[in-house]
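Please find below a colleague's note on this entry. Read it with the sequence and the coordinates open.

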Amino acid sequence: MTHRTNNTHTHKVLALVCSLLIWALGTASASAELTIRITEGADSAIPVAIVPFAENGGIPAGDKISTIVQDDLSMSGEFRTLPPEKMLSLPSQRSEVYFRDWRLLGQRYVLVGQLSRNGDRVEARYELLDVNREERILGEAASASVGNMRTLAHHISDKVYEAITGVPGAFSTKLAYVTLDTVNGEPRYRLQVSDVDGKRARVRLESKEPILSPAWSPDGRKLAYVSFETGKPAVYIHELGSGNRTRVADFRGLNSAPAWSRDGRSLLLTLSKDGNAEIYRMDIESRNLKRLTNHWSIDTEGTWDHTGEGIFFTSDRSGGPQIYHKSSETAEPRRITFGSRYNARPRPDSQGKYVYYVHQRNGGFHIARTDLSNGEETVLTRTASDESPSLAPNGRMLIYATKQSGTSVLTVISADGGAAYSLPASEGDVREPAWSPVIR
């Protein structure tokens, strides 16, 4: 195979860096907190009634736990919740439930509960009832501090979701994302972490230079990301609890696309320190590097497969960006995508069934997935400027960045594309979403 000139390599790598910076040219303002706007529901959504919880003992005003649970289940796209004003009664325990009334309202499940306060703690006792069987399928008491009631609500949502679907919920997880603000004519990039519904957002890093590619550690306690704060791309690890930051990759040329191993001891990185963009594995403690690809093309955006032994990555070795898979670090790459001339940013699920990615078709960029058992490709999104897909840890939802009315927003869809909601900032651009693992 004929090798291209070093000059050609340099221009290709520079083009790759420039593509990462395209979105940074906006000049809008971004707020810290996102808001949910449900845009599409699934036809097969399960009807469930979340009855407002009875309250005893001075429960703080503000967001109600039952309202948060209702919003959580609705935004999954798998449930259709009943507005409280349409309920015939407001029971707080099983003995007060008249199942015939709920059947008349077309409900399959009813959640009832009570809140009580003891000092600085709030306890929730709740029951999930199967309307047709007239039986309880979930009953629990859980508590949280008065200032942490949203956490309690997301916990209840997870339990209800799992009781009905058999799959763990993901409402107690977090989102990381980057917003762009303009202050006195200068850009301000903010790396933020919020609940999955966009609430309780906190700025973790602020910079005049771009921040890209946040990636969660397996325990959810750290973020790796790319920052240009020194004038060139470098990879950092950020401990969220302490705020401590460590620069782990600052080689000549490109340092990008960090992805954690399953044990949290190493990172996949894209480095061009030897003149061409290749994928390396770095041992975080020793900083030792192992090169995993070796080709004249650009190899980038590496991520581990469900086994933790192989990797997916993007390469233009076939003439344009496509997704490839290596079943082990030493295996030969196998091309996965063939449906268009552009497929990039692979994100495999945790079961080894699908890989999700950015897919170009008819001049637009969409999120698509390929069934790894038969190669069947499905385009999941109807928007046309989509990027940066990230899967929920339960594999049932996927978040990505897109454009709405010229503004960058985050959108969540069910993993089969059947439902969607958006998380726009009240002003400005928001991109680079990353869904956390379950944080314990």
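The points below go from the whole chain to single strands, a pocket and a few residues.

1. Status and overall make-up. This is a predicted model. The chain carries 4 helices and 31 strands. Of its 440 residues, 53% count as buried. The accessible surface of the chain is about 19,300 Å². Carbon and sulfur atoms hold 45% of that surface.

2. Contacts along the chain. Take the contacts with a separation of 6 or more. Residues 24 or more positions apart make up 45% of them.

3. The open sheet. Four strands form an open sheet in the order β19-β20-β21-β22. Their pairing is antiparallel. Which strands stand at the edges? They are β19 (299-304) and β22 (334-335). Each has a single partner strand, so one side of each is left without a neighbour in the sheet.

4. The β21/β22 pair. Strand β21 covers residues 322-326. Its pairing with β22 is antiparallel and rests on 2 bridges. Tyr324 is set opposite Arg335 of β22.

5. Ser340, after β22. This residue sits in the loop between β22 and β23 (343-348). Is Ser340 buried or exposed? Its relative accessible area is 14%, and buried means under 20%, so Ser340 is buried. Beyond its neighbours within four places in sequence, Ser340 is in contact with Gln322, His359 and Gln360. Gln322 is 18 residues away along the chain, with a C-alpha separation of 8.6 Å from Ser340.

6. The β23/β24 hairpin. β23 is mostly covered, with 5 of its 6 residues buried. Strand β24 takes in residues 354-361. The two strands run antiparallel and are joined by 4 bridges. Asn343 stands opposite His359 in β24. His359 is also one of the contacts of Ser340. Between the two strands of the hairpin there are 5 residues. Gly352, in the turn, has a positive phi of about 80°.

7. Positive phi outside glycine. Two residues deserve a look on the backbone plot. Most residues other than glycine have a negative phi. Glu134 has a phi near 55°, which is positive. Glu134 belongs to the loop between β6 (121-130) and β7. With a relative accessible area of 35%, Glu134 is partly exposed. Ala257 also has a positive phi, near 55°. Ala257 is in a strand, β15 (residues 255-260). Its relative accessibility is 13%, so Ala257 counts as buried. Please check both when you go through the backbone.

8. The second largest pocket. How many residues line the second largest pocket? There are 22. His155, Asp158, Ser172, Val438 and Ile439 lie nearest its centre. The volume of this pocket is about 460 Å³. Both β7 (135-145) and α4 (149-165) supply at least two residues to the lining. Which element gives the most? It is α4, with 7 residues. By class, the lining holds 8 nonpolar, 7 polar and 7 charged residues.

9. Strand β31. How many residues of β31 (residues 429-435) are buried? The count is 7 of its 7. Strand β8 (residues 174-183) runs antiparallel to β31, and 5 bridges join them. Leu180 has Asp429 of β31 as its bridge partner.

10. Ser408. This residue is placed in strand β29 (residues 407-414). Its relative accessible area is 0%, so Ser408 is buried. Asp386 is 22 residues from Ser408 in sequence. Their C-alpha atoms are 9.5 Å apart.

11. What to view again. Three places repay a second look. One is the loop residue Ser340, with its contacts to Gln322, His359 and Gln360. Another is Ala257, where a positive phi falls within strand β15. The last is the lining of the second largest pocket, where α4 gives the most residues. While viewing the strands, keep one general point in mind. In a regular strand the side chains alternate between the two faces of the sheet.

Technical notes: Residues are numbered from 1 along each chain as its sequence is written. This is a predicted model: local features need pLDDT of at least 70, side-chain atom pairs count only at pLDDT 80 or more; totals for chains, interfaces and linings use all residues. Side-chain values use heavy atoms; hydrogens and water are left out. On a 1 Å grid over the protein atoms alone, a cavity is a set of points where a 1.4 Å probe fits but cannot get out, and a pocket is an open set with protein on both sides within 12 Å along at least five of seven lines; lining residues have an atom within 4 Å of a point. Grid points are joined across faces, edges and corners, and a volume is the space filled by probe spheres set on the points. Ala, Val, Leu, Ile, Met, Phe, Trp, Tyr, Cys and Pro count as nonpolar, Asp, Glu, Lys and Arg as charged, and the others, Gly among them, as polar. Buried means under 20% relative accessible area, exposed over 50%, partly exposed in between (1.4 Å probe, protein chains only). Two strands pair if DSSP finds at least two bridges between them. Contact means heavy atoms within 4.5 Å. Accessible areas come from the Shrake-Rupley method with a 1.4 Å probe; for residues, only the protein chains shown count as cover.
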